Amino acid sequence: MSDDSTPPKALATRLISPATQRGKGRRPVNPPIERASTMLSDDPAQMTSSRDGPVYGLEGGSAARQLRSILADMEGAHDSLIVPSGLAAVTVPLTAILRAGDEVMCTDAVYGPTRRFLTRHMFERGIQTRFHPADASTDAIIDSLGDNTRVLLIEAPGSLTFEMVDMATLARACKERGIITIVDNTWGAGLAYRPLEHGIDISVQALTKYVGGHSDILMGAISVATKAMADTIFETIDDNGWHVSPDDAWLALRGIRTLPLRYRSQFQSAMKVVQWLEQQPQVSRVLYPPLPSFTHHELWNSQFDGAASLFGVVMKGGSRADAHRLMSGLSLFGMGYSWGGFESLVTYETPQLEQRLHQADLEGQLMRFHIGLEDTDDLIADLHRGLSAWPT
Ligand SMILES: Cc1ncc(COP(=O)(O)O)c(C=O)c1O
């Protein structure tokens with residue numbers, strides 16, 4: 001917090017400055033990794049008081065506390081809770097809020113494991129989900145909200161096909177109807193988009209991706225606007241004993257210090273790569289909201305300040321075998337799931353689209369690329385080699 005004489009500090013500074021705060025005595029820059037289940041007290045009374053720090057390992061150590069406070073500042077949240085995966089960051093609030101008879105409205109382009117949680121786990125507990133088409137307009141989504149809709153789960157952009165919606169308008173419409181809004185903001189990372197500033201109730205993100213940044217942890221953050229919601233979600237975490245390990249909290253804290261730098265640099269690299277890809281004869285379309293040619297570019301432009309380095313490429317025709325040949329022909333793009341790390345990755349996504357209720361009308365095979373921190377000329381040269389085997 002700044003007083004009247006100090007101007008508010010930029011986010012890049014605020015992610016780092018808790019490490020250099022004065023008045024805390026001689027210490028390392030980073031908090032130690034506190035591996036602990038049991039915490040010892042000096043007398044019996046202290047054993048039941050959290051005033052001197054956690055009384056049991058489940059409450060989390062210094063790295064987890066500093067990480068949560070930085071995340072809450074970044075997301076403009078009352079509180080940010082951390083859980084053991086990005087998927088858990090989506091499923092925990094749904095578990096905390098929904099009861100039998102409730103309905104969830106959700107995009108058909110939702111992250112696959114979230115869809116599975118809704119259609120299997122939640123369905124078995126009496127909670128229905130309705131999936132709106134991935135390219136539905138904001139007005140159409142509002143019109144489809146029903147009397148039993150308790151949660152609108154937004155993923156913007158949608159997984160694999162990158163559709164956008166007007167989130168502030170959806171938040172307003174849901175508030176009027178008493179519907180809770182949750183945004184999976186993994187792509188916006190709390191940097192390019194901050195959902196709570198636009199009236200959204202809960203912003204979740206997989207810290208596994210850009211915050212971790214090095215493809216070596218799994219973690220999720222749930223950032224909430226109010227104390228009441230923080231208490232509701234914390235109870236679910238606490239009741240279930242879902243805990244983040246001190247080593248992982250420490251790695252996420254290390255990652256978040258350099259988040260803006262990596263995110264911005266990877267965005268710039270992605271722009272160079274997509275502009276090149278758009279010109280290639282084997283490519284039909286690039287699905288990336290910052291591209292002026294993308295259908296929902298204006299929705300991105302009016303809401304986001306930056307972008308993740310993850311995009312889809314619709315090829316001209318081709319087959320599964322061609323997609324596999326393209327992937328095998330690349331040497332700098334790792335074949336692996338996830339994104340947000342330092343390394344470039346490629347996946348073949350057409351088979352994943354089959355889970356959708358409303359089929360996407362794509363004119364060729366769908367590939368997904370994540371651009372890492374490698375030199376862009378090297379990445380483009382690699383793509384040039386990989387694309388050369390595509391049938392034209
Ligand atoms: C949009 C989105 N949300 C959530 C997740 C889940 O993150 P995690 O892998 O940490 O469970 C992913 C993972 O790919 C994702 O793409």
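Colleague: Which residue in β9 is the bridge partner of Arg285?
Modeller: This is a predicted model, where local features need pLDDT of at least 70, side-chain atom pairs need 80 or more, and totals for chains, interfaces and linings use all residues. Numbering starts from 1 along each chain as its sequence is written, and side-chain values use heavy atoms, without hydrogens or water. β8 and β9 (310-315) pair in the antiparallel sense over 4 bridges; strands are DSSP E runs of at least two residues, numbered from the N terminus, and pairing takes at least two DSSP bridges. In β9, Arg285 is bridged to Val314.

Colleague: Which strands stand at the edges of the sheet?
Modeller: The sheet is open and mixed, with 5 strands in the order β8-β9-β12-β11-β10. Two of them have a single partner strand each, so one side of each lacks a neighbour in the sheet: β8 (283-287) and β10 (334-335).

Colleague: How far apart are the centres of domain 1 and domain 2?
Modeller: The bounds, from an automatic or database domain assignment, are 11-257 for domain 1 and 259-387 for domain 2. Taken over C-alpha atoms, the separation of their centres is 26 Å.

Colleague: Which three residues supply 27% of the area that domain 1 buries against domain 2?
Modeller: Contact (heavy atoms within 4.5 Å) links 42 residues of domain 1 with 39 of domain 2. The two domains bury about 3300 Å², 65% of it on carbon and sulfur atoms; buried area is the accessible area (1.4 Å probe) lost on being put together, summed over both parts. On the domain 1 side, the three that supply more than any other three are Leu160, Trp187 and Tyr210.
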